[in-house]
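Here is a friendly walk through a protein model, with the sequence and the structure side by side. Keep both in view as you read.

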Amino acid sequence: DGYANWGRALFGLNRYQEAIPPLESAIKISPDDAALVTILAISYMKTGDVDKSRAALGKALNLNPVPPLLNNIAYELAEQNFDLERAKDCAEKAVREEEEASGKVELSGLQSSAVGYTSRLSAYWDTLGWVYFKMNDLLQAEKYLLAAWQFSQDPESADHLGKLYEKQGKNRAALHMYQLAHSATPLRTSRGGAAQPKDEADFDRALKRLGGKPDPGAAVTELNKMRSFQLPRIVRGTASAQFFVLLGPGKKVEAKFISGADSLKGVESTVTKANYKFTFPDSAPSRVAYTATLGCYPYSGCSIVFIMP
């Protein structure tokens, strides 16, 4: 643990060359720790030792090829423009396994923990989209990056979409995504298992490069509208309740009452008929779960607001 924590600390400080000796020492003691081997592989990659990096990546993938590890490896490879075919293979496997797992979620047994699929799927879709971007497959990249952004409002996905639109020559669309990323940044602290979001300075530089500036008022309003959906008037007075909402490809929607006003019990069929503007990136039987607040008021009527994971 001493060597491992020392190596992780140096790695976290981006002191990759210094991180390598303690990481190597830790792995001599615990050779089956796939997470440590992955960090060592990335340290080799960052310091230009290609052969050792490839060997360590192969070892990590043989030890524990679970979706979080596959996703992290794919993201780091994409960031470094290194071994993109392996990055694509890892990202596709992570997405496929997570999509299959989420597809088994049933409304009847839905718990708050199922919302974790939303966070993980969004992160894995973002990684796969970013790998496609690096491989210049912009059509596929946009499908996955857009889904990741819509389902998570993660600033990293908005930043990636901005870069994609820039590459397509759509500077106005890129500027808009950078503004959204800038305003979404305080809402997120992590990417659900991959890298940390870029800080505001990165978005500021992107905005400046395109001749724009942050527009938090408009951006925050848009972010709120993205997760708010109008419903028919259900009750005349004021009432609120919590629901689970389960979304699937082909506009498939299911809802389940959790708690709240008695007057909003039994309105699940109304909740499922809202126009939820989300786009799944592929035809896999994946399912995305949210907790949501349904609120009804005398003047504005009823709407349901998704709580982002």
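Lysine 163 and aspartate 159 sit 4 residues apart in helix α9 (residues 155-167), so about one helical turn separates them. Their side chains meet in a salt bridge, with N and O 2.8 Å apart. The term salt bridge is used here for a side-chain nitrogen of Lys or Arg within 4 Å of a carboxyl oxygen of Asp or Glu. Side chains of opposite charge can pair when their charged atoms come close.

A word on the model itself: this is a predicted model, where local features need pLDDT of at least 70 and side-chain atom pairs count only at pLDDT 80 or more, while totals for chains, interfaces and linings use all residues. Residues are numbered from 1 along each chain as its sequence is written, and side-chain values use heavy atoms, leaving out hydrogens and water. Helices (H or I, at least four residues) and strands (E, at least two) are DSSP runs, numbered from the N terminus.

**Salt bridges**

Is aspartate 159 buried or exposed? Aspartate 159 has a relative accessible area of 1%, so it is buried. Its partner lysine 163 has 29% and is therefore partly exposed. The cut-offs behind these words are under 20% relative accessible area for buried, over 50% for exposed, and in between for partly exposed (1.4 Å probe, protein chains only).

How many salt bridges does the rule give? The count comes to 11 salt bridges. Three of them, including the pair in α9, are set out here with their N to O distances.

| Salt bridge | N to O distance |
|---|---|
| Lysine 163 and aspartate 159 | 2.8 Å |
| Aspartate 83 and arginine 54 | 3.5 Å |
| Lysine 46 and glutamate 76 | 3.9 Å |

Aspartate 83 and arginine 54 form a salt bridge, and this pair links distant parts of the chain: aspartate 83 lies in the loop between α5 and α6 (84-102), arginine 54 in helix α4 (residues 50-63), and 29 residues separate them. Aspartate 83 is partly exposed at 21% relative accessible area, and arginine 54 is also partly exposed, at 39%. Salt bridges that share partners join Arg54, Asp83 and Arg86 into one network.

**Helices α3 and α5**

Lysine 46 forms a salt bridge with glutamate 76. This pair, too, links distant parts of the chain, with lysine 46 in helix α3, glutamate 76 in helix α5, and their positions 30 residues apart. Lysine 46 counts as partly exposed at 31% relative accessibility, whereas glutamate 76 counts as buried at 17%. Not counting residues up to four places away in sequence, glutamate 76 touches Ile42, Met45 and Lys46. Contact means heavy atoms within 4.5 Å.

Now look at the two helices as a whole. The axes of α3 (residues 34-46) and α5 (residues 67-79) come within 11 Å and cross at roughly 5°. Because of that angle, α3 is roughly parallel to α5. Axes are lines fitted to C-alpha atoms, for helices over the stretch in contact, and angles run from 0 to 180 degrees between N-to-C directions. Angles under 35 degrees count as roughly parallel, over 145 as roughly antiparallel, 65 to 115 as roughly perpendicular, and the rest as oblique.

On the α3 side, the contact is made by Ala34, Thr38, Ile42, Met45 and Lys46, and on the α5 side by Leu69, Ile73, Glu76 and Leu77. By class, this contact has 6 nonpolar, 1 polar and 2 charged residues. Here Ala, Val, Leu, Ile, Met, Phe, Trp, Tyr, Cys and Pro count as nonpolar, Asp, Glu, Lys and Arg as charged, and the others, Gly among them, as polar.

**Helices α7 and α8**

Which way do α7 and α8 run relative to each other? The axes of α7 (residues 115-134) and α8 (residues 138-152) come within 7 Å and cross at roughly 155°, which means that α7 is roughly antiparallel to α8. Residues of α7 in the contact include Trp125, Leu128 and Phe133, and those of α8 include Leu138, Tyr144 and Phe151. The contact divides into 12 nonpolar, 5 polar and 1 charged residues.

**Two neighbours of this pair**

Serine 157 is found in helix α9 and is buried, with a relative accessible area of 2%. Leaving aside neighbours within four places in sequence, serine 157 is in contact with Asp126, Leu145, Ala148, Trp149 and Ser152.

Glutamate 92 has its place in helix α6 and is partly exposed at 23%. With neighbours within four places in sequence left aside, glutamate 92 is in contact with Leu128 and Tyr132.
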